[in-house]
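Dear colleague,

Please find the structure below, with the sequence alongside. My notes on what was found in it follow directly after.

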Amino acid sequence: MTTSCDVLIVGGGGAGCSAALHMAQRGQRVILLERGLVGSQASGVNYGGVRQQGRNPAELPIARRSHALWMRMPELVGSDVEFSVTGHLKLARNDAEEAELIAYLDTAREHGLALRMVGRNSIHRDYPWLGPKVVAGSFAPEDGSANPRLLSSSLARVARLAGAEIREHTKVTGFAHDGRLFRLTAEDGTEFSAPVLLNMAGYWGGAVAAAFGEAVPIKPLSPNMAVTEPVPFFIEPNLGVVGGNVYLRQIPRGNIIIGGGHGESDVSGGRAWARPLPEVTLEMLGLAVALVPSLVGVQVIRSWTGIDGQMPDRIPVIGPSGTMPGLFHAFGFSGHGFQLGPGVGAIMTELVLDGHTDVPLAPFRIGRWRDAA
Amino acid sequence: MKLRRLRDAGRPRILLTLEGEALEAQAGDTLLTALLAGGAGHLRDSEFGDGPRAGFCLMGACQDCWVVVEGQGRVRACATLAEDGMRVKRG
Amino acid sequence: MRIAVVGAGPAGVRAVQTLVAAGHRPAWLDEAPDGGGRIYQRPPAALNRDAKMLYGFEAKRATALHDTLDAMKPRTDWRPDTFVWHIRPGVKRLQTLHRGVQAVVDYDAVLLCTGAMDRVVPVPGWTLPGVTTMGAAQIALKTQGCGIGSRVAFLGSGPLLWLVAYQYARAGADVVAVLDTTSFATKARAAFGLLRGGATFAKGLYYIGWLRAHGIRIDEGVTPVAIEGAGSGVTGLDWRDARGRAQRVDCDAVGIGWGLRPEAQLADLAGIPFRFDAIQHNWVPERDLAGRTSVEGHYLAGDGAGIGGAEVAELAGARAALALLQDAGAAVDAAEAARLDRALTAAGRFRVALERASPYPAHLAAGLPDDTILCRCEGLRVGELRAAAAEEYPAGRAPEMNRAKAFTRTGMGRCQGRVCGAAAAEILAAALGVPVDAIGRLRGQPPVKPIPIVAPPAEAVP
């Protein structure tokens, strides 16, 4: 038996669940198909940074759009998903890194992103717990963090209330188009059809695109994360560094979440897995100590990773298919899709239902590698 | 919580401090024994406001007996031998 | 061939003995300074180590195990005080921490003998200083000569309840009550099967008889109500007896415990599949009678592979070592392997009867009041987990344990769900209206226990 609807979405991360919500709010009959539980991979197990600072300039218009949705999160999903505007402080550890921070100020200004330098004279006065290796920082007051474990499922819940159907544990194994409708077959044989298909399947989005004749050079990406025991709250901003080899934030409960480097994964088998790597965990902890020396002696209680998709140019694929009318892509967020997710869902809805969106998507087109060749 | 010494209680005395206050214990005591037999009452407070804690499993599994030893940092009181002169703070 | 054995309790000691006898020199890692496991943990050197006093009926067994332990240390790469916090089955590497120093141990085959800890059910007031596990009460007495208080009550079920109460009373403690949540009728029904246990069963009867003969208050089929306390101590224990009447005893310490649960985190991280053992009411790593698993080169023995007790652990350790040797192409004593298999099979039958005589009181966990602390580490209450089973929960209904952990932080603290996990599963399953084995189990994540952040070597920082 085939279940038909207006829009099929493959992938229940933050972006997919947001798309389901926005589509349903506009009266579309939506079915979202998720291979596990919603938010099980990149969207659910990431660092939780809700950051605009430091992004590729091409992503900033989406980030700005998403920021507006993050600010309305309680209204949108009925809870704040622990989103907190703490500011994001990006740190420089030498002259070259400081120059990079200064150079980005212009980019931020162009896109209306509030950003100010915290120079050599004030960085240690304003943040006395930073170590001597830190020479400067730039502070984005609108940025913050949220609990990644809550975002996708909270969006999915309200999407359901709005009429969307969210089917978890539904792995799509067959992708076809009969000239009129997309026809998707799940592992258990269930069939789904719709005139519109949104490919929002993270790393697995690469396989969906390939099924419609537009393979892209995507690789699995597993950011290595760890969290400490709760210690008295002292790190207010979300912290990053130029180059991104370590990042950390503290939640008001006291736990410090630290990320850096990559774990290992295997996506070849039927049951994909990803694990943090102990040596990577230890290395990133060392880098974290260089930023915040008082972390020495604090206990790490858990480490983890998940599977995201990384594109060679580190920005996602977003936009209509180049081969198949009715197919739209938004995948391969390359390790920084959490902040973008809510906005991407809104943008995809406009793209599909209105035929256009105000956000410039040209840099994200799926044909960019073919163009280059 | 006050541990009661039931046997083998005539061992050499050692002296520790807890939060600066002197506390007498015996050679061979774990830090947990030294503190809780010596009248400390508890070892730490829950970070989440639900009261004092004094360990639970005594086998290094429950993670509810962390204390701070000067020079050693945070240790599990149940799995650390008390030594003469140790300066301890609640964890 | 590089062989590693994790754990130096009864299973680990007999495994190493078997490996050494076959000419190997395994790496042998144990978290404690002196081995012996929890059951035969020796007191620090400053204390009296008289085996008869410490181990009672088990003195001969304990002494024999300690003798073998000490004899094996120089014949292995013995690494005490060494905690294995991660395992990578693909590259066969253990990540270890020894007095603050990280190191790796590579292996071709590993035998995990990681033991067990108490299985508990929260009781209102159970985080008060003065409330410990039954195992903790025993360790305090055995290795420190201390009771957990002056007027001690014991609450729980299973052999350890009676043994620890007996040991306390013998040591001169004031045991004010021994409260068994299992009814006399349940135990009586299992009595026939328990007869298979021979000496073990007889010892249990002896402890109960001794306690009765010494006028110690015993109540069976109880329902715990609350542990009361003031400031930093316990003042009393309230329960309802089998006829529903309110009962109370003044006390300053309470030992609680309902059997044991495997410390199987390394098996989990090694990718060994788990199954729900309905008899033990525990998730256990899958292995065959000899301790082989589906992950090549990875073997399990002792309570970490499913609760069997110390005697079984000794047999299983020796048997798993033979399996490892056999798989490596060595000629092993087939008669000895067959003897161990027979003994393990017989012991398994007794175990079933023992579990039936003291079943995990799932209903007590499922019925806890909303305001009882569930997750000690995170200070979370029962109601916070229960709420996640409702459709209207802000993040949606949590259909399984790891999702409930993700939403509520239950089992996310320092102990990673060791202590509250079993009860949390009962609470969630009951709230969802499904059997407990339908909601999965808390996934293991490294580190197995907390590891400290250390300062990196100066040159390593860019």
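In this predicted model, the bridge partner of B:R5 in β10(C) is C:C146. That bridge belongs to a pairing between chains: β1(B) runs antiparallel to strand β10 of chain C, residues 146-147, and two bridges join them.

The contact between these two chains extends over 38 residues of chain B and 44 residues of chain C. On the chain B side, three elements each contribute two or more residues, namely β1 (4-5), α1 (31-37) and β5 (52-53). By residue class, the side of chain B that touches chain C comprises 16 nonpolar, twelve polar and ten charged residues.

I turn now to chain A. Eleven helices and 24 strands are assigned in chain A. Its radius of gyration is 20 Å, close to the 21 Å expected from the globule rule for 373 residues, so chain A is as compact as a globular protein of that length. Along the principal axes, the C-alpha atoms of chain A occupy a box of roughly 65 × 45 × 40 Å.

Two further values describe the interior of this chain and its contacts. Of the 373 residues of chain A, 57% are classed as buried. Among the contacts in chain A with a separation of 6 or more, 74% link residues that lie 24 or more positions apart.

With kind regards

Technical notes:
Residues numbered from 1 in each chain as written. Chains lettered and ligands numbered in written order. Predicted model: local features only at pLDDT ≥ 70, side-chain atom pairs only at ≥ 80, totals over all residues. Contact = placed C-beta atoms within 7 Å. Helix = DSSP H or I, 4+ residues; strand = E, 2+ residues; numbered from the N terminus. Nonpolar A, V, L, I, M, F, W, Y, C, P; charged D, E, K, R; others polar. Pairing = 2+ DSSP bridges. Rg over C-alpha atoms; globule rule 2.2 N^0.38 Å. Buried ≥ 20, exposed ≤ 12 C-beta atoms within 10 Å, placed from the backbone.
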